[in-house]
Structure formats: C-alpha cells, structure tokens
Amino acid sequence: MTEQTTETPAGTVPAGTAPAAPAEATPVPRAPEPFPDPSPAPKPPRRVLRAVARWTAAALVLGGLGAGTAFGITSMERTDVPGLATGSDGRWDYPRLSLPALPAGSPRPYSDGNVAEIHHADLRRLLLPAPAGAIVDKKLDGGWVSTEQYLSEYAKGGRSGIAQTLKDSAPRHVAARGWTMPDGTSTRIYLVRFNSTAFAQSFLDSITVSGSPVPLGGAPETVLDEGWGGGGKVAGTSSYVYDEAKPYGEARVRQAYVVAGDTLALVVQSRKGKEGTRSVPFHQTVILQNQLLG
C-alpha cells in the first residue's frame, strides 16, 4: 500500500481549518524627546585652567621630592644624616659574657633549689672581664687577693674599723680585677664572698652610715649618683651607686656596691683631670657585674 500525501500551496489554509484571527500589536510608548538646552555649558576661564595646571605640576614635583627625601633618610645611616649625627655614648666594648660552669648538682644562686642564695661557681669566674683596649693591672689580674688589698681602697682613717668588721664577718674569699683604659680611667672590681647572705648584708650596713659609705682613698666625701637609674638590676640583688662630691680631688672617684646573695661587689672607677670619670661606662660596668652575680 502506498501512502499518499497532500501538498498545500504556500500561503493557503488547509481545508477544514478555520483561519486564525490576526493578533493585535501592543503600541509601545515613545520616550519623550529631551528638552534642548538653549545655552551651552560655560567654560572655565583660561586663567583658572592655567592655575590648576601649575598647582598640579607643583604637587607632583613636591610629592616626588618628598618621597625621595624620605627614602634617602631611611636608607642612610643615622650618622650620615645632617642634624641627626650621633657619636658614641662612651660605652666600652666588653667581650660576650657567659655564666661559668657549676659543680655537679649545684644550683644557681637564685634558683628554686638555692634558698640561701649561695654562689657555688668559682668566684674568680664571676668577675667582669676587662673591655677591649684595656691594660690589665698585674696586681689585680682576676685572681685571689688578700683582705689587706681590699682594705687598701679605703681612706687610711677608716681602714681599722672596716678591718675589724671584715674580720668579724669572716669572709671566705676575695677576688679582684683591675684595668686602665686609654683615656686614663682606672677600674677596680672586688668580689667578697661571705658564709651567708646575712653576713654580706651586715657588712654592707656597717660601712654605709646614714646612706653614705666609708670614704675611699681620694674621695673624702661621697653623694648618691643622681644619674643612676637602676637599669639592668637582677631580681634579688641590691645596688648602691655613689659619686664623689664636688669639688673633686686630683681624680674624680665613683663607687658602687652590689649585694647578691652571699657575695658583695665593690666597683671603683677613677680618672685624673678636669673631665674625670664618665657616667656611661661606669654604669655599664656596674650593670654587667650585677648580671654576672645574678
């Protein structure tokens, strides 16, 4: 059987089919025409344009100069910047410090297992080393010294009383180191170890009456060092820093006592001449010696 097809001419409606009603088009409202501005936009005067251009150029130039200056200062060393140059503050160049080894099983003086605050390390190893450029005193080379050597730092009139007090306190050891710097500043450090913390504190109390210590040789009168701020102090230790009262003698003498547990430190600096001893290296020396004892 052959399937038959019926062709419908283009544009005609097939038989038996009702013609569709034409769709009505929805009118689209037209946007209103913009109301023309009869007058053109005003142009800024030429002198204003020229001023704006000049200010813009100036701002760019100044901004570039400012950025260049800031970069230059941050990239230069402080001593290279005029007006900011600072020289050395006078600190000495000490070697890198480290605490000495302890006997096996012995605690540090301020550890939990050492309530008595005893220094078990070799006292000579707790002495501050001499800074760079120093000439070491052959008599005070970091070894043991006698109590007579320690007493020689005090004025002759007060030595007898200190000698008796020292004898009653029964010190165990005395170690000392001394040196002289190129500018003539002489430094002596003594470490005196007692049998207990109570003996060390008692000895200091006996040589400091009404806040003033027994005079040292060359310094008949002393006053508290007003420039001392107590920096670097180790917890549990005590520092007492003094300066020679004016007018100075032949050499200005500074001194400091540090009590750390069973050990007392005496730091002395002197320098002849009008300039005398400087506070910065003296305070530096006291702080470092304190840290070694702490």
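**Questions on a predicted model**

Reader: What is the relative accessible area of Pro107?

Author: Buried means under 20% relative accessible area, exposed means over 50%, and partly exposed lies in between (1.4 Å probe, protein chains only). Pro107 counts as partly exposed, because its relative accessible area is 24%.

Reader: What kind of model is this?

Author: Residues are numbered from 1 along each chain as its sequence is written, and side-chain values use heavy atoms, with hydrogens and water left out. Local features need pLDDT of at least 70, side-chain atom pairs count only at pLDDT 80 or more, and totals for chains, interfaces and linings use all residues: this is a predicted model.

Reader: How many helices and strands are in the chain?

Author: Helices (H or I, at least four residues) and strands (E, at least two) are DSSP runs, numbered from the N terminus. Along the sequence the pattern is α-β-α-α-β-β-α-β-β-β-β-β-β-α. The chain has 5 helices and 9 strands.

Reader: Which residues does Pro107 contact outside its neighbours within four places in sequence?

Author: Pro107 sits in the loop between α1 (46-75) and β1 (135-144). Its C-alpha is 8.6 Å from that of Ile118, 11 residues apart along the chain. Contact means heavy atoms within 4.5 Å. With neighbours within four places set aside, Pro107 contacts Leu102, Gly113, Asn114 and His120.

Reader: Phi of Glu117 is positive, but near what value?

Author: Glu117 is found in the loop between α1 and β1. Glu117 is partly exposed, because its relative accessible area is 22%. The positive phi belongs to a residue other than glycine, and the value is near 60 degrees.

Reader: How far does α3 reach from its first C-alpha to its last?

Author: Helix α3 covers residues 156-169, which is 14 residues. The expected span is 1.5 Å times one less than the number of residues. That gives an expected 20 Å, and α3 comes close to it, reaching 20 Å.

Reader: Which helices help cover the buried residues of α3?

Author: The buried residues in α3 are Ile162, Leu166 and Ser169. Their cover includes α2 (147-151) and α4 (197-207).

Reader: Which residue just after α3 takes a positive phi?

Author: The residue lies in the loop between α3 and β2. It counts as partly exposed, because its relative accessibility is 34%. Its phi is near 50 degrees, a positive value in a residue other than glycine. Just after α3, this is Ala170.

Reader: Which element gives the most to the largest nonpolar core?

Author: A nonpolar core is a set of buried Ala, Val, Leu, Ile, Met, Phe, Trp, Tyr and Cys residues joined through side-chain atoms within 4.5 Å. The largest has 26 residues, and those touching the most other members are Tyr150, Tyr154, Tyr190, Phe203, Ile207, Tyr257 and Leu264. At least two residues each come from α2, α3, β2 (173-180), β3 (186-193), α4, β8 (251-260) and β9 (263-272). With 4 residues, the element giving the most is α4.

Reader: Around the axis of α4, how many degrees of arc do its buried residues cover?

Author: In α4, Ala200, Phe203, Leu204 and Ile207 are buried. The arc is that of the directions from the helix axis to the C-beta atoms. These residues lie on the same side of α4, because their arc is only 100 degrees.

Reader: At what distance do the side chains of Asp225 and His283 make a polar contact?

Author: Asp225 lies in the loop between β6 (222-224) and β7 (238-244), and it is buried because its relative accessible area is 11%. A polar contact is a pair of N or O atoms within 3.5 Å; within protein, one must be able to donate a hydrogen and the other to accept it, and residues adjacent in sequence count only if both atoms are side-chain atoms. The Asp225 side chain reaches the backbone nitrogen of Gly227 at 3.0 Å. The side chains of Asp225 and His283 meet at 2.8 Å.

Reader: Which peptide bond is cis, with omega near -5 degrees?

Author: The proline involved has its place in the loop between β7 and β8. With omega near -5 degrees, the cis bond runs from Lys246 to Pro247.

Reader: What share of the 294 residues counts as buried?

Author: Among contacts between residues at least 6 apart in sequence, 64% join residues at least 24 apart. Of the 294 residues, the buried share is 34%.
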